[in-house]
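Visitor: I have a chain open and would like a quick tour. Can we go through it by topic?

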Amino acid sequence: MPAADFLLPKLGADMTEGRVVEWLKKPGDPIARGEVVLVIETDKANVEVESWAAGTLERILVEPGDDWLPVGTPLAVIAGEGAIAPPPTAPGAAAAPAPKPAPVVATPAARPAAPAPRPAPERVHVSPIARKRAEALQLDLAHVAGTGPDGRITLEDVERAAAARPAAPTKPADRQARMREAIAAAMARSKREIPHYYVGTTIDLSKALAWLAAANAQRSVTERLLYGVLLIKATALALREVPELNGFFVNGRAERRSNIHVGVAISLRGGGLVAPALLDADRQPLDALMRALQDLVQRARAGSLRGAEMTEPTVTVTNLGERGVETVYGVIYPPQLALVGFGAVVERPWVVDGQVLARPLVNATLSADHRATDGHRGAIFLDVLARLLQEPEKL
């Protein structure tokens with residue numbers, strides 16, 4: 001059967017490297033499309049990586065505990081009925097190297113000479129599996145002595161040469177430090193490349209909070225809705241009416257997405273944050289969305305997220321109200337087009353039908369990419385968002 005490489009995917013725009021934590025399959029095991037195959041450690045979390053095609057795990061190239069490897073490194077060989085697509089990269093990321101066939105045997109002339117010179121003017125004779133392993137280890141084959149037939153470089157030769165070379169500098173062992181590095185890179189890219197514009201509004205939450213209290217009175221403690229889930233659902237529905245804010249800026253242009261996957265900024269106990277996605281947030285009933293949010297927060301803080309949750313967010317919502325912050329001016333997570341921020345709910349004077357009354361108010365802001373939209377469309381989005389929160393029974 002044809003075979004192809006299973007590549008280390010890019011699980012977020014700021015990911016450049018990853019490390020295999022655990023294989024959940026062993027050679028010879030069948031793999032279904034969408035089935036979790038292994039766990040990858042990134043700078044922010046351990047992520048369960050799914051297979052994007054059916055096949056059979058033929059060979060594992062990278063063992064758990066090996067050093068950090070660049071995105072696009074072959075991790076395994078998968079055999080299937082047809083070509084096996086590698087895991088998709090995050091939107092806007094550089095495409096991973098195209099999968100290459102992995103035949104069981106190859107003649108010495110199967111590949112062109114390596115660019116680095118060798119003592120003799122002959123071609124580098126190397127087995128396909130040895131070449132893949134050398135690429136994964138970033139090992140120059142020109143400096144590897146072959147012990148196979150006619151001087152061919154074998155897998156054992158590659159492993160021996162890798163073990164003998166000086167240890168390369170490793171990433172900081174502390175995950176918090178590595179996370180800050182990744183966040184710094186993504187935010188620097190955002191402010192360098194994205195022309196942000198900001199708009200904000202104040203929303204009266206009287207109706208939303210009254211409806212929430214009445215709805216929760218009919219539920220058990222474990223089934224009650226949190227106020228934040230109303231904000232997420234209202235944001236998702238508002239994007240239906242202003243869809244140009246939902247998507248990515250890639251290849252020099254804005255690309256809308258029909259699915260609305262809301263990334264939720266989650267602070268981690270050890271410091272830093274992640275923003276995995278609630279998939280199809282606009283289509284989920286509030287009860288289901290609440291369960292999904294609780295599960296997502298729990299798994300994010302336990303360091304157990306899934307690949308799609310890290311690569312699919314089409315917009316991000318951040319809520320810093322629990323920290324007393326009244327207004328949030330967020331930085332867009334590239335290559336997304338927008339970030340919606342909510343502050344604390346504060347009781348303030350508010351004019352209602354000519355009377356000054358005390359009302360629970362929240363400041364909502366939109367940070368958006370000026371290459372994709374302008375302030376007029378941003379203002380319309382916030383107006384729709386405010387209207388939806390006045391009709392919580394329709395969320």
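Guide: We can take the fold, the core, the pocket and the cavities in turn.

Guide: This is a predicted model, where local features need pLDDT of at least 70, side-chain atom pairs count only at pLDDT 80 or more, and totals for chains, interfaces and linings use all residues. Residues are numbered from 1 along each chain as its sequence is written, and side-chain values use heavy atoms, with hydrogens and water left out.

Visitor: How many helices and strands are in the chain?

Guide: The chain has eight helices and 20 strands; these are DSSP runs numbered from the N terminus, helices being H or I of at least four residues and strands E of at least two.

Visitor: What share of the residues is buried?

Guide: Of 395 residues, 47% are buried, meaning under 20% relative accessible area with a 1.4 Å probe, protein chains only.

Visitor: Which residues touch the most others in the largest nonpolar core?

Guide: L366, F381 and L385 do, in a core of 80 residues. Helix α5 (residues 227–241) gives the most to this core, ten residues. A nonpolar core is a set of buried Ala, Val, Leu, Ile, Met, Phe, Trp, Tyr and Cys residues joined through side-chain atoms within 4.5 Å.

Visitor: And what does L385 touch?

Guide: Leaving out residues up to four places away in sequence, L385 touches I203, A234, T235, A238, V340, F342 and A364; contact here means heavy atoms within 4.5 Å.

Visitor: Switching to the largest pocket, how much space lies in it?

Guide: About 1,000 Å³. A pocket is an open set of points on a 1 Å grid over the protein atoms alone, with protein on both sides within 12 Å along at least five of seven lines; a cavity is a set where a 1.4 Å probe fits but cannot get out, and lining residues have an atom within 4 Å of a point. Grid points are joined across faces, edges and corners, and a volume is the space filled by probe spheres set on the points.

Visitor: Which residues of its lining lie nearest the centre?

Guide: A265, I266, S267, T318 and N319, out of 39 lining the largest pocket. Helix α5 supplies the largest share of that lining, five residues.

Visitor: What about cavities, how many of 30 Å³ or more are there?

Guide: Three. The largest has a volume of about 150 Å³, and L11, D14, K44, M310 and Y333 are the closest to its centre among 15 lining residues.

Visitor: And the second largest cavity, what is its volume?

Guide: About 70 Å³. Twelve residues line the second largest cavity, with M310, T311, Y333, P335 and Q336 closest to its centre.

How values were computed. Buried means under 20% relative accessible area, exposed over 50%, partly exposed in between (1.4 Å probe, protein chains only).
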